[in-house]
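Visitor: Hi! Could you walk me through this protein?

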Amino acid sequence: MSVIYFLSDAHLGGDDESIESQKRQDLVAFIDQLRHGDRLYLLGDVFDFWFDFGTPPPANHGPVLAALAAATDRGASIAFMGGNHDYWARTARHPGYLETIVGLELIDDPHTLVVEGMRLLLCHGDALGGTRGTYRVVRAVLHHPAAIFGFRLLGPRIGHWLAARMSALSRRSHRPEAQVIHEDRLRSAARAVLSSDRYDVVVAGHVHRPELLTTDDGIYLNLGDWIEHRTYGRLEGGKLTLEKFN
Ligand SMILES: [Mn+2]
């Protein structure tokens with residue numbers, strides 16, 4: 001029987017090599033378990049930065065990309081949703097590397113999935129319930145075709161350098177108090193979606209805190225991350241679980 005998996009927030013390439021090599025190795029082992037007919041939903045920030053410059057991707061992503069390509073070759077299907085760090089899988093008029101070479105299917109955020117009558121809302125989490133304040137503007141700019149076109153012109157060398165600076169800045173601004181606010185906000189947004197009665201399940205990532213919450217209105221699953229927790233979602237026979245890779 002085929003299984004559906006959900007995973008997000010590995011932030012590949014975002015840490016020191018000592019941490020990265022273990023993250024990669026575990027993720028490759030996880031992907032290698034996918035069988036014909038299985039489906040994997042990558043729900044954002046799998047890469048700490050992904051922008052399709054139309055050139056080969058950074059070499060450190062090689063093992064994971066090869067594992068993903070091998071999985072699609074043996075008949076697993078893999079959907080990729082961009083997060084706030086790796087939204088830019090398609091930066092030109094034509095499909096990019098992840099689609100053409102790796103064989104992933106690009107999906108929008110949010111994405112509706114219906115499995116045996118179960119209605120799931122899949123999202124990364126940074127925009128569920130609407131964006132606010134400065135981030136609303138930043139996200140709109142970063143998703144704008146003109147900005148993407150301009151960034152693509154910078155090329156991979158300058159582009160990756162800039163992205164690494166931005167990523168380091170955003171990491172420094174993650175205070176624990178702010179983290180709890182983000183978690184609460186996302187949970188509230190998910191509960192609002194569930195109470196609307198249009199969905200039975202909301203699956204998100206982004207806040208790096210694994211959580212499986214069952215309410216009268218449905219289920220909220222947060223996938224956690226692949227940095228500290230190595231957690232992922234699993235759906236089989238109508239049963240949704242939060243799993244930990246070991
Ligand atoms: Mn994120």
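Guide: Happy to; we'll start with the whole chain and then look at one helix. This is a predicted model, in which local features need pLDDT of at least 70, side-chain atom pairs count only at pLDDT 80 or more, and totals for chains, interfaces and linings use all residues. Residues are numbered from 1 along each chain as its sequence is written.

Visitor: How many helices and strands are there?
Guide: The protein has six helices and 11 strands. These are DSSP runs, numbered from the N terminus: helices are H or I with at least four residues, strands are E with at least two.

Visitor: And how much of the protein is buried?
Guide: Buried residues are 37% of the 246 residues. Buried means 20 or more other C-beta atoms, placed from the backbone, within 10 Å of a residue's own; exposed means 12 or fewer, and partly exposed is in between.

Visitor: Now helix 2. Which residues are buried there?
Guide: Val64, Leu65, Leu68 and Ala71 are buried in helix 2. Down the helix axis they fall within an arc of 125 degrees, so they line one face of helix 2. That arc is taken from the directions from the helix axis to the C-beta atoms.

Visitor: What do they pack against?
Guide: The buried residues of helix 2 pack against helix 1 (17-32) and strand 3 (77-81).

Visitor: What's on the face turned away?
Guide: That face of helix 2 carries the exposed residues Gly62 and Asp73.

Visitor: What comes just after helix 2?
Guide: Glycine 75 does, with a positive phi of about 100 degrees.

Notes:
Two residues are in contact if their C-beta atoms, placed from the backbone, lie within 7 Å.
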